[in-house]
Amino acid sequence: PAPEAVRRAVEELVFLEAMTTDKSTNKEELTTLGVHLSTLPVDCRIGKLILLGAMFGVTDDALTIAATLSYRNPFMSPMSAREEADRAKMTFATAQSDHLTVLNAYKQVDAMGKARYDFCRENFLSIKTLQTIAGLKRQFLELLSAAGFVRPNLRSRAVEGLGRRNGGNDGVALALEKGLTGGVGRNGVKAGDWKCPKCGSHNFARNTRSCFRCRAPKPKVDLPVDDIDEESDESEPEERELLGEDDGNEFEKSLPLLKALLVAALFPQMVIVDDGKSSGGKKGGGGGITLKARAEDGEKQEDMAIHPSCITGKVKGALSSKYLVYHERVKTTRVYIRDATPVSPYALLLFGGGRMKVEACPRGSNESVLRLDGWLGFKCPRRDHLLVMELREVLDGILKHKVENPKTDFTEEASGIIDAVKAILTMDEDGKVMAPERRVDDAYDLLKRRKGNKGGGGGKKSGGRGGRGGSGRKGNGRKTGGGGRGGGGKGKRR
């Protein structure tokens, strides 16, 4: 590769805090975060999304989004039926987000069992793409399991078999919830399953030649496996409905958190919707939206637009937020962003990368300005901005400690901070709380009580973990930004 490309790649890893460099010796060394990211066969930004999803308890959804970004979008748009395909895609539209729309479609298909094939044909979804996404999810889950972020011993092939025995789903959600026992027999064991004499692993009956783990040949006389369900071979696989009414409610509740994790993964790949009169406000319609990105020093501001295929550009009415994060941008007749999601100011304050600075307002004003990454400004009452800064720092320390000790559960105090952060994320752009206000107040109480102490299993100082990211300077949006940081100002941009 060209030396310039290597230099920029190293800078990206340093900004992400996946790597440290010694300027005097030019020695480069991976941090703990970098070691974890190196085990995931994906772009470092997508890898951070996977790790943060596991830490915040939304592993299944984060894996689906990560697998989609790593492979391709499952929606098809044939030339002969493009309008019909667009209408079908809009039926899955979720939170004005391309990422969450694909997640919604995947969850519906995954819960359908054998009916999924007809459903995909009717809704212009590629079943082969969805199957590949499911396979990628299981591979990522196995790597997370090996690293200690989720249940141990979750092998991809075993999770696949678990899903087939329980309605034909991908098996990931069930494995995360119940392990490989998954509700088949008392211990998830079926007649014909066998135990490897070399490593002791439980093998499914279909493994007729060798152990899935150590590749030792299957013994001629099967070793007994406890608690075999003798009736399991005779019964048909149970159709398991994964997305019932209760599951749908849980999905809705998780949307603000998923948006925040997208900020952590994609920042500073973000734009601001120009709400000036010339652009017609925050109206939907793709080409009718004017976008502003951060201009690089000495570079001219690029004219950008939302790609016509994006859900975000097709919504009717106002966008839920003027801040958009995106996965990639392409240049054809003009520069377009693709795979975009509107995010709240609170998500940016909590999970945005780069440094946060406090700028004093004119004398007599009771507000300060929190300046994120030297670019975005958010007004905040002076009496609150110290708590805002500390919350960023505390959350940073909690997630750093988790990255360094993935098998260690969060302390009670750390769990309280994270619950409060989730509540803050449910606030809209005007500061309206859509979750119990007490949880937000508890965050401030916890911070006051812990002042001067190390909390949540992580110190106040942040380091190489999944939260602090670089500010990303290059205009192609390749630089990776923060994640898992604290904050929570009033969310008004200056």
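Here are some exercises on this predicted model, each with a worked solution.

**Exercise 1. The chain as a whole**

Describe the secondary structure, burial and contacts of the chain.

Solution. Begin with the secondary structure: the chain holds 15 helices and 13 strands. Next comes burial, where 52% of the 494 residues are buried. Then turn to the contacts with a separation of 6 or more: 64% of them are between residues 24 or more positions apart. Finish with the surface, which comes to about 23,500 Å² of accessible area, with 48% belonging to carbon and sulfur atoms.

**Exercise 2. A salt bridge within a helix**

Find how the side chains of Glu11 and Arg7 meet, and how the two residues are placed in helix α1.

Solution. Start with the distance: the side chains form a salt bridge at 2.4 Å, N to O. A salt bridge here needs a side-chain nitrogen of Lys or Arg within 4 Å of a carboxyl oxygen of Asp or Glu, so the pair qualifies. Now locate the two residues. Both belong to helix α1 (residues 3-15), and because they are four residues apart, about one helical turn separates them. As for exposure, Glu11 is partly exposed at a relative accessible area of 31%, and Arg7 is partly exposed at 38%.

**Exercise 3. Bridges between distant parts of the chain**

Work out which parts of the chain are linked by the pair Lys137 and Asp60, then do likewise for Lys314 and Asp86.

Solution. Take Lys137 and Asp60 to begin with. Their closest N and O atoms are 2.6 Å apart, in a salt bridge. Lys137 sits in helix α8 (residues 127-147) and Asp60 in helix α4 (residues 59-70), so this pair ties together parts that are 77 residues apart in sequence. Both Lys137 and Asp60 are buried.

Now move on to Lys314 and Asp86, whose side chains meet in a salt bridge at 3.5 Å, N to O. Lys314 is in the loop between β7 (304-306) and β8 (323-331), while Asp86 is in helix α5 (residues 82-90); the two are 228 residues apart. Lys314 is partly exposed, at 25% relative accessible area, and Asp86 is also partly exposed, at 28%.

One more thing to look for is shared partners: Glu4, Arg7 and Glu11 are joined into one network by their salt bridges. The whole structure has 14 salt bridges.

**Exercise 4. A lysine without a partner**

Is Lys259 buried or exposed, and which side chain of opposite charge is nearest?

Solution. Place the residue to begin with: Lys259 lies in helix α11 (residues 245-266). Lys259 is buried. Then look for a partner: the nearest side chain of opposite charge belongs to Glu252, 9.3 Å away. The cut-off for a salt bridge is 4 Å, so Lys259 has none. Last, see what surrounds this lysine. Beyond its neighbours within four places in sequence, Lys259 contacts Ala95, Leu100, Ser320, Thr341, Pro342 and Val343.

**Exercise 5. A covered helix**

How many residues of helix α9 are buried, and against which helices do they pack?

Solution. Count along α9 (residues 156-165): seven of its ten residues are buried, leaving the helix mostly covered. The buried ones are Ser156, Ala158, Val159, Gly161, Leu162, Gly163 and Arg165. These buried residues pack against α8 and α10 (172-178). Then check what follows α9: Gly167 has a positive phi, near 90 degrees.

**Exercise 6. A hairpin**

Determine how strands β10 and β11 are joined, and look at the glycine between them.

Solution. Strand β10 (residues 356-360) and strand β11 (residues 367-372) run antiparallel, with five bridges between them. One of the residues to check is Val358, whose bridge partner in β11 is Leu370. Six residues lie between the strands of this hairpin, where Gly364 takes a positive phi near 100 degrees.

**Exercise 7. Cysteines and disulfides**

How many disulfides does a search of the whole structure find?

Solution. Recall what to look for: a disulfide is a covalent bond between the sulfur atoms of two cysteines. The search of the whole structure finds zero. For two of the cysteines, check burial: Cys120 is buried, at 2% relative accessible area, and Cys310 is buried, also at 2%.

Terms used:
Residues are numbered from 1 along each chain as its sequence is written. This is a predicted model: local features need pLDDT of at least 70, side-chain atom pairs count only at pLDDT 80 or more; totals for chains, interfaces and linings use all residues. Side-chain values use heavy atoms; hydrogens and water are left out. Buried means under 20% relative accessible area, exposed over 50%, partly exposed in between (1.4 Å probe, protein chains only). Contact means heavy atoms within 4.5 Å. Accessible areas come from the Shrake-Rupley method with a 1.4 Å probe; for residues, only the protein chains shown count as cover. Lys and Arg count as positive and Asp and Glu as negative; His and the chain ends are not counted. Two strands pair if DSSP finds at least two bridges between them. A disulfide is a pair of cysteine sulfur atoms within 2.5 Å.
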